[in-house]
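Student: Could you walk me through reading a structure, one feature after another?
Tutor: Gladly; let us put the structure up and begin with its helices and strands.

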Amino acid sequence: MARLLPDRVKVLLLIGEAASQIEAAARRLPNCPPIVRCEGLAEAVAQVHKLARTG
């Protein structure tokens, strides 16, 4: 999955127990997308709403 991040993901929002592990793996990739850590699903949804763009 990590190999797909640079080409298909604009921003990586992370929540939950595995967030640290996913972030560490993503940061090892060249062209890692920006990473936003969220406290929970409600915050993640708010962030997605704020970051969403048409297209």
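Tutor: Helices (H or I, at least four residues) and strands (E, at least two) are DSSP runs, numbered from the N terminus. Asp7, for instance, lies in helix α1 (residues 5–8). One caution before we go on: this is a predicted model, where local features need pLDDT of at least 70 and side-chain atom pairs count only at pLDDT 80 or more, while totals for chains, interfaces and linings use all residues. Residues are numbered from 1 along each chain as its sequence is written, and side-chain values use heavy atoms, with hydrogens and water left out.

Student: How many helices and strands does the protein have, and what pattern do they follow along the sequence?
Tutor: There are three helices and two strands, and along the sequence they follow the pattern α-β-α-β-α. The C-alpha trace spans about 30 × 25 × 15 Å along its principal axes.

Student: Is Asp7 buried or exposed?
Tutor: Buried means under 20% relative accessible area, exposed over 50%, and partly exposed in between (1.4 Å probe, protein chains only). Asp7 has a relative accessibility of 71%, so Asp7 counts as exposed. Of the 55 residues of the protein, 20% count as buried.

Student: What should I look for to find disulfides?
Tutor: In general, a disulfide is a covalent bond between the sulfur atoms of two cysteines. The working test is a pair of cysteine sulfur atoms within 2.5 Å. A search of the whole structure finds zero disulfides. Cys32 is in none, and the nearest cysteine sulfur, that of Cys38, is 15 Å away.

Student: Why is Cys38 not bonded to Cys32?
Tutor: Because the two sulfurs are 15 Å apart, too far for a bond. Their surroundings can be read as well: Cys38 is buried at 8% relative accessible area, whereas Cys32 is partly exposed at 24%. Cys32 is also 9.3 Å from Asp7, C-alpha to C-alpha, with their positions 25 residues apart in sequence.

Student: How many salt bridges are there?
Tutor: A salt bridge is a side-chain nitrogen of Lys or Arg within 4 Å of a carboxyl oxygen of Asp or Glu. By this rule there are two salt bridges. Glu23 pairs with Arg27, their closest N and O atoms being 2.9 Å apart. These residues are four apart in helix α2 (residues 19–27), which means that about one helical turn separates them. Glu23 also meets Arg37 in a salt bridge of 2.7 Å, N to O. That pair links distant parts of the chain, with Glu23 in helix α2 and Arg37 in strand β2 (residues 35–37), 14 residues apart. Glu23 is buried at 14% relative accessible area, and Arg37 is partly exposed at 41%. Together Glu23, Arg27 and Arg37 are linked in a network of salt bridges.

Student: And how do I read contacts?
Tutor: Contact means heavy atoms within 4.5 Å. Take Gln47, which lies in helix α3 (residues 41–51) and counts as buried at 16% relative accessibility. Leaving aside neighbours within four places in sequence, Gln47 is in contact with Leu13, Val36 and Cys38. Across the protein, residues 24 or more positions apart account for 40% of the contacts with a separation of 6 or more.
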